[in-house]
Amino acid sequence: MKKPFIISFANSKGGVGKTTSCIAVGCCLAKLGYETLVIDLDHQGNLSDDFGRGDEDYTITDIFEDPKFDINKIVYSARDGDKEISNLSIIPADITLAVEARSAERFRHRLSILDDGLKRLVTHFDFILIDLRPAIDLSIENALLITDLIVIPVDMDRRAVKGIDDLFQVVKEIRRNDDFVYTLVKTKVNKSHSKMQKSTNKHIQEAGYQVASTEIRVSELYKQATEQRRPSPLYAPHERPYEDYLSLTHELLAKIKEAPR
Ligand SMILES: Nc1ncnc2c1ncn2[C@@H]1O[C@H](COP(=O)(O)OP(=O)(O)O)[C@@H](O)[C@H]1O
Ligand SMILES: [Mg+2]
């Protein structure tokens, strides 16, 4: 069985569109027919809420509490309200993850808890998408170690770019090499905020970061989707960002073909 390709959505700044991008790319991959698993690694559980899974008995916490826990028990179908979404599954998170990720430090194989768990999945997935929280903890280190591609959403606020070098440093330390594939993705792009965007763009260019050519435009309905706790691409299928996320998904698929495994 072919190993799933793992994509993590990371940025040390909050509110840049990590969760939204993870949800949207997940929905796009599922729509294209790829069996996709999204994992919530943020104890705030936003991804879980939007996929109708904010209130489950078992969550990702259970494998950090007991690495022998059967991971298959925490794979649920992702939902839009009451409706199951085809080809899309989720491992949810809740507030208990914050404490458990710390106490899992006592395990000898603490850095491979997630990897070991995922190897025991009985369902085959083409893609695993992981929504990371802004800070680095044990659960995030687990994810960064096994990630094949890091997607870094940046809204056009300069602070979204500021932490990228720090993130790269952490990734290099955890993986003990410089060999990782990433792409920045510009989110919530609004042509009328051109001054701020110009300054951020300049900074990105000067730093020489790799940036996806697809930009995600802003949409009021995407904000509403979050308030309604619905997956934005399904809540607002006719909005510009959906078109953008589909195009981004195709761009990522092309990039993945070149990524070392
Ligand atoms: N393209 C977009 N247009 C409008 N609002 C957006 C867009 N992408 C994300 N948002 C909103 O921005 C806020 C933060 O997004 P989120 O994905 O939760 O960020 P993060 O996971 O990085 O904290 C949410 O309210 C979300 O609805
Ligand atoms: Mg988030």
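In this predicted model, S8 of strand β1 has I150 as its bridge partner in β6. That bridge belongs to a wider pairing: β1 and β6, the latter covering residues 149–154, run in the parallel sense and are joined over three bridges. There's a second partner for β1 too. Strand β5 (residues 127–132) runs parallel to β1, and five bridges hold the two together. Within β5, D131 is the residue that bridges to F9.

What about the side chains of β1? F5, I7 and F9 point one way, while I6 and S8 point the other way. That's the usual pattern, since side chains in a regular strand alternate between the two faces of the sheet. Both sets are buried in β1. Because five of the five residues in this strand (residues 5–9) are buried, β1 is largely enclosed by the rest of the structure.

Next up is the largest pocket, with a volume of about 610 Å³. It's lined by 27 residues, and those closest to the pocket's centre are G15, G17, T20, K188 and T226. Which helices supply at least two residues of the lining each? These are α1 (18–31), α2 (46–50), α10 and α12 (240–258). Helix α10 gives the largest share, with five residues. As for chemistry, the lining is a mix: eleven residues are polar, eight are nonpolar and eight are charged.

Just ahead of α10 sits S219, in the loop that links α9 (194–207) to α10 (220–227). Is S219 buried or exposed? With a relative accessible area of 11%, S219 falls under the 20% cut-off, so this serine counts as buried. The S219 side chain makes a polar contact with the side chain of E239, at 2.8 Å. Apart from neighbours within four places in sequence, S219 is in contact with E239 and P241.

A second loop residue, V75, is found between α3 (61–65) and β3 (76–80). V75 has a relative accessibility of 21%, and because buried means under 20%, this valine counts as partly exposed. Which residues does V75 touch, once neighbours within four places in sequence are set aside? The list is L37, S89, I90, I91, L121 and F125. Then there's V38, which is 37 residues away from V75 in sequence, with a C-alpha to C-alpha separation of 9.3 Å in space.

Methods
Residues are numbered from 1 along each chain as its sequence is written. Chains are lettered from A and ligands numbered from 1 in the order in which they are written. This is a predicted model: local features need pLDDT of at least 70, side-chain atom pairs count only at pLDDT 80 or more; totals for chains, interfaces and linings use all residues. Side-chain values use heavy atoms; hydrogens and water are left out. Buried means under 20% relative accessible area, exposed over 50%, partly exposed in between (1.4 Å probe, protein chains only). Helices (H or I, at least four residues) and strands (E, at least two) are DSSP runs, numbered from the N terminus. Two strands pair if DSSP finds at least two bridges between them. A polar contact is a pair of N or O atoms within 3.5 Å; within protein, one must be able to donate a hydrogen and the other to accept it, and residues adjacent in sequence count only if both atoms are side-chain atoms. Contact means heavy atoms within 4.5 Å. On a 1 Å grid over the protein atoms alone, a cavity is a set of points where a 1.4 Å probe fits but cannot get out, and a pocket is an open set with protein on both sides within 12 Å along at least five of seven lines; lining residues have an atom within 4 Å of a point. Grid points are joined across faces, edges and corners, and a volume is the space filled by probe spheres set on the points. Ala, Val, Leu, Ile, Met, Phe, Trp, Tyr, Cys and Pro count as nonpolar, Asp, Glu, Lys and Arg as charged, and the others, Gly among them, as polar.
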